[in-house]
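Let's walk through this one together, starting at one edge of the sheet and ending up at the ligand and a few backbone oddities. Keep the 3D view open as you read.

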Amino acid sequence: MQDLRELNEAIAAIKQEILDHAGELESSRGVYEFKKGFLDSKKGKLSQLMKEMRNIPNESKAEFGKNVNAAKEWAVNFFEELDTKLKAEELKRRYESEKIDITMPAVQPKYGNLHPITTVRNQLTEIFASMGFEVYEGTEIETDFYNFTALNTPQDHPARDMQDTFYLSPEFLLRTQTSAGQIHVMQSKKPPIKVVSPGKVFRSDDDATHSPMFSQMEGLVVDEGINLCDLQGSLNMFVQQIFGEQTTTRLRPSYFPFTEPSVEVDVSCFQCGGKGCKLCKGTGWIEVLGAGVVNKKVLENCGIDSEKYSGFAFGLGLERIAMLKYGINNIKLLFESDLRVLDQIDD
Ligand code: DAH
């Protein structure tokens, strides 16, 4: 038979053991492991004590059970408090170690920006899209037929000399003008037609204002009763958004095989307002694009009834627009990808 007094001492010894070692615990995890040694339902020291129940006289059983349960309750509370305390300390240590100095100057990320030609192309596309134009992107390799013949430039026509062409074969060539896209559009779509066609074009040409590869945007409108006034109205809307609200246009007679009549379009100088300056070479006007009323022969080449329908077309160089807009004097600066130049142009 076990003596109740001895068992009570054993309970007190277990409590003391807990108190003696609790100070060594540093983490919530440590508390958990240590606690198991006393409260684990099978192996815990306090749980084990209950097994002594069968060795003590009946009259002491109730008291012993009460004492063990009280000790268990005490231990549960003790470990809970200790756990809360250690968790708080752990959190505090974590906050300390992860502290950041929000007054420290941040590392400045280097932002890229769009190339000026892409920016101009996007701006022009948006302006024309807002006027109801669709976008057609043609191909850079074209046939002689689409680039010249269907645009009313027969084989021996002197107009072919206006553009020095890179031929890939007698039939295939690198398109010299986005005008080739007009034919594809008119062949595949019935009027009303309203498209712009941006893209790269190629010519054997190389100086301060010309590059063998450059970008154009073609515009084409075909419907009943379209005339030169519609052309100028649309172009006015466009130049005012690109060069400023005060900008106006002036049409001068010109020649293109695919338009009749053909015009060169000048804009009033947006730098001097038309008074005359270096940019407009004292004239008050700057040439920006070629345009005209679509030649009846071109409509008919595409199977469009030229008695019923008429149209206007225009073609502009995106590099030229970018050079004017950003004050760039050499086209090469747009192709060299020198970041010192490109970083200055951010629209
Ligand atoms: N294709 C001409 C060129 O590259 C530009 C042009 C002029 C396009 C008049 C047109 C136009 O559509 O009507 O020089």
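Start with S1 and strand S4 (residues 193-202): they run parallel and are joined by two bridges. Glu134 sits opposite Val195 of S4. Before going further, some housekeeping: this is a predicted model, where local features need pLDDT of at least 70 and side-chain atom pairs count only at pLDDT 80 or more, while totals for chains, interfaces and linings use all residues. Residues are numbered from 1 along each chain as its sequence is written, and side-chain values use heavy atoms, with hydrogens and water left out. Helices (H or I, at least four residues) and strands (E, at least two) are DSSP runs, numbered from the N terminus, and two strands pair if DSSP finds at least two bridges between them.

Now zoom out. The open sheet has seven strands in the order S1-S4-S5-S9-S8-S7-S6, and the pairing is mixed. Strand S1 (134-135) and strand S6 (249-256) are the edges: each has a single partner strand, so one side of each is left without a neighbour in the sheet. As background, strands of a sheet pair through backbone hydrogen bonds, either parallel or antiparallel.

Over at the S6 edge, S6 and strand S7 (residues 259-268) pair in the antiparallel sense over seven bridges. The two form a hairpin with two residues between them, and Ser254 has Ser262 in S7 as its bridge partner.

What lies across the sheet on the S1 side? Helix H5 (residues 116-130) lies across S1, S4, strand S5 (213-223) and strand S9 (310-317). H5 runs at about 5° to S5; axes are lines fitted to C-alpha atoms, for helices over the stretch in contact (heavy atoms within 4.5 Å), and angles run from 0 to 180 degrees between N-to-C directions.

On to the ligand. It is surrounded by 16 residues (a heavy atom within 4 Å), and the closest are Gln177, Ser179, Arg203, Gln216 and Glu218. That shell divides into five nonpolar, nine polar and two charged residues; here Ala, Val, Leu, Ile, Met, Phe, Trp, Tyr, Cys and Pro count as nonpolar, Asp, Glu, Lys and Arg as charged, and the others, Gly among them, as polar. S5, strand S8 (285-294) and S9 each supply at least two residues of the shell. A polar side-chain atom of Ser179 lies 2.9 Å from a ligand nitrogen, while one of Gln216 lies 2.8 Å from a ligand oxygen. A polar backbone atom of Ala313 is 3.1 Å from an oxygen atom of the ligand. Taken alone the ligand exposes 350 Å², and the protein buries 92% of that (Shrake-Rupley areas with a 1.4 Å probe).

Finally, the backbone. A cis peptide bond with omega about 5° joins Pro191 and Pro192, and Pro192 is in the loop between helix H7 (180-188) and S4. Another cis bond links Glu260 to Pro261, with omega about 0°; Pro261 lies in strand S7.

Technical notes. A polar contact is a pair of N or O atoms within 3.5 Å; within protein, one must be able to donate a hydrogen and the other to accept it, and residues adjacent in sequence count only if both atoms are side-chain atoms.
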